[in-house]
Amino acid sequence: MCFNWKNMDESRSREELSLGEISRIADNFKGLHSLVLSGGEPFLRDDLHKIVSEFHKRTPVQQVSIPTNLFCDGAPERIKEMALQHPNVLFRVLISIDGIGEDHDIIRGHKGGFAKLMANLERTIVYRREIRNLSLSSITVLSSFNSEKIRPTIDFAKGLEIDDARILYVRGDTREPEAKDVSLDQYRQCLEYAEQSTMRRDRTGSFYDNLINCVSLVAKEEIARPAGSGRLTRRCNAGAKLIVISETGEVLPCETLPRKLGDLRDHDYSVASIMKTDRAKDVLGFIRTGKCACSMDCNSAVSNVVYSPFLYPRVLKKYVSLRRSGHVSTI
Ligand code: SF4
């Protein structure tokens with residue numbers, strides 16, 4: 001069901017960026033504040049902690065998000081190590097839970113995966129109790145494969161000792177086209193249900209963490225609006241404020257639009273150099289003029305809210321409202 005399946009299939013024959021190449025990219029990326037290390041499965045790279053260190057040494061990165069299936073042995077200890085090594089960086093670990101037990105395994109195509117996930121999550125939760133710069137969220141992708149059982153899945157996630165339970169709307173070019181047979185209305189209902197679960201448990205989050213949480217909630221409200229009625233859906237800043245770098249160094253504006261801005265290996269590992277090319281300017285122009293559209297339930301959604309000042313009052317209102325109800329708190 002993963003939207004990234006084509007990239008994963010094609011990339012098997014290509015060479016992944018080495019740690020040295022990633023360091024050079026970080027060297028040329030002075031304004032980076034938020035880094036998402038996604039996959040496939042990020043913990044398949046043994047040097048994941050070194051990648052974080054390279055970005056931490058060379059950029060002002062403040063937040064590292066890691067979406068993971070949490071299947072890999074030793075992942076909890078690696079998360080703990082990274083968070084302890086970089087106490088000034090907020091680590092947001094986003095754990096995929098698409099169903100309960102066998103349902104999860106069937107959707108993920110990995111027999112025994114749910115059991116591994118739960119065993120690893122149990123250890124990660126124990127570590128998180130002592131590590132203030134570590135946040136745990138569940139991510140459930142709403143698709144036709146789990147729409148019937150989405151509420152029990154959210155309830156299950158709510159019952160875990162994590163910071164919040166999130167829903168993503170199935171997006172992009174999925175391996176099984178029927179996965180997308182789920183309506184925006186169903187997504188809207190799920191969001192309303194899941195928002196109640198966005199609550200802190202036994203500890204307070206940082207102001208920054210809670211604010212980003214509210215930004216994300218506003219982004220989701222915008223996505224769930226009927227087509228064309230959300231102001232955000234007409235102004236996407238993917239490519240300008242957010243880019244995606246593939247494991248082989250291709251630079252794309254987002255996870256969904258398959259139009260390459262350039263290849264870092266051809267541009268001395270400099271994103272800035274790629275952005276000056278006609279090819280990149282063409283793609284950015286295409287996006288800026290509103291010719292591109294998608295459900296935007298990806299990192300671009302959050303980025304679009306961050307760079308849309310007209311939405312700040314709503315973010316603030318959400319923050320105040322959730323704080324009043326005890327769902328978020330500051331330190
Ligand atoms: S509208 Fe969607 S697909 Fe197009 S650039 Fe923005 S996030 Fe990507």
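**Exercise 1. Find out which residues of strand E5 sit on each side, and whether those sides are covered or open.**

Start with the two faces. Asp164, Arg166 and Leu168 lie on one side of E5, while Ala165, Ile167 and Tyr169 lie on the other, and both sets are buried. Keep in mind that you're looking at a predicted model.

Next, recall the general pattern: in a regular strand, side chains alternate between the two faces of the sheet.

Now count along the strand. E5 covers residues 164–169, and 6 of its 6 residues are buried, so the strand is largely enclosed by the rest of the structure.

**Exercise 2. Work out how E4 and E5 are joined, and in which sense they run.**

Look at the pairing to begin with. E4 and E5 run parallel, with 6 bridges between them. One spot to check by eye is Leu142, which stands opposite Tyr169 of E5.

Then trace the connection. Together with helix H7 (residues 150–158), the two strands make a β-α-β unit, and this unit is right-handed.

**Exercise 3. Decide whether threonine 140 is buried or exposed, and list what it touches.**

Place the residue: Thr140 belongs to strand E4.

Apply the cut-off: a residue is buried if 20 or more other C-beta atoms lie within 10 Å of its own. Thr140 has 24 C-beta neighbours inside 10 Å, so it counts as buried.

Now for the contacts. Leaving out residues up to four places away in sequence, Thr140 touches Ile97, Asp98, Thr153, Ile154, Ala157 and Ile167. Take Thr153 as an example: it is 13 residues from Thr140 along the chain, and their C-alpha atoms are separated by 8.0 Å.

**Exercise 4. Follow the chain from E1 to E3 and give the handedness of each crossover.**

Begin with E1 (residues 34–36). This strand pairs with E2 in the parallel sense over 3 bridges, and Leu35 has Val64 in E2 as its bridge partner. E1, H3 and E2 form a right-handed β-α-β unit.

Carry on from E2. The chain goes through H4 to reach E3, and this β-α-β crossover is right-handed too. E2 and E3 pair in the parallel sense, this time over 6 bridges, with Ser65 standing opposite Arg92 in E3.

Finish with burial: 5 of the 6 residues of E2 are buried, leaving the strand mostly covered.

**Exercise 5. Show why the buried residues of H4 line one face of the helix.**

List them first. In H4 (residues 75–85), the buried residues are Ala75, Pro76, Ile79, Met82 and Ala83. Seen down the axis of H4, they fall within an arc of 130 degrees, so they line one face of the helix.

The general background helps here: an α-helix has 3.6 residues a turn, so residues three or four places apart point the same way.

What do they pack against? The partners are helix H3 (48–58), strand E2 (63–68), strand E3 (90–96), helix H6 (113–128) and strand E4 (134–142).

**Exercise 6. Find which strands stand at the edges of the sheet E6-E7-E8.**

Write down the order: this is an open sheet of 3 strands, E6-E7-E8, with antiparallel pairing. The edges are E6 (244–245) and E8 (262–263); each has a single partner strand, so one side of each is left without a neighbour in the sheet.

Zoom in on one pair. E7 (residues 250–252) is joined to E8 by 2 bridges, and Glu250 has Asp263 in E8 as its bridge partner.

**Exercise 7. Look at the backbone of leucine 70 and tyrosine 269: what is the phi of each?**

Take Leu70 to start. Its phi is positive, about 55 degrees, although it is not a glycine. Leu70 lies in the loop between E2 and H4 and is buried, with 26 other C-beta atoms within 10 Å.

Now Tyr269. Its phi is also positive, about 60 degrees, and it is not a glycine either. You'll find Tyr269 in the loop between E8 and helix H10 (271–275), where it counts as buried with 21 C-beta neighbours inside 10 Å.

**Exercise 8. Describe the shell around the ligand: how many residues, and of what kinds?**

Count first: 12 residues surround the ligand, and the closest are Cys236, Cys254, Thr256, Cys292 and Cys294. Then sort the shell by kind, which gives 10 nonpolar, 2 polar and no charged residues.

Notes:
Residues numbered from 1 in each chain as written. Predicted model: local features only at pLDDT ≥ 70, side-chain atom pairs only at ≥ 80, totals over all residues. Near = placed C-beta within 6 Å. Nonpolar A, V, L, I, M, F, W, Y, C, P; charged D, E, K, R; others polar. Buried ≥ 20, exposed ≤ 12 C-beta atoms within 10 Å, placed from the backbone. Helix = DSSP H or I, 4+ residues; strand = E, 2+ residues; numbered from the N terminus. Arc of directions from axis to C-beta. Contact = placed C-beta atoms within 7 Å. Pairing = 2+ DSSP bridges. Right-handed = clockwise from strand over helix to strand, strands pointing away.
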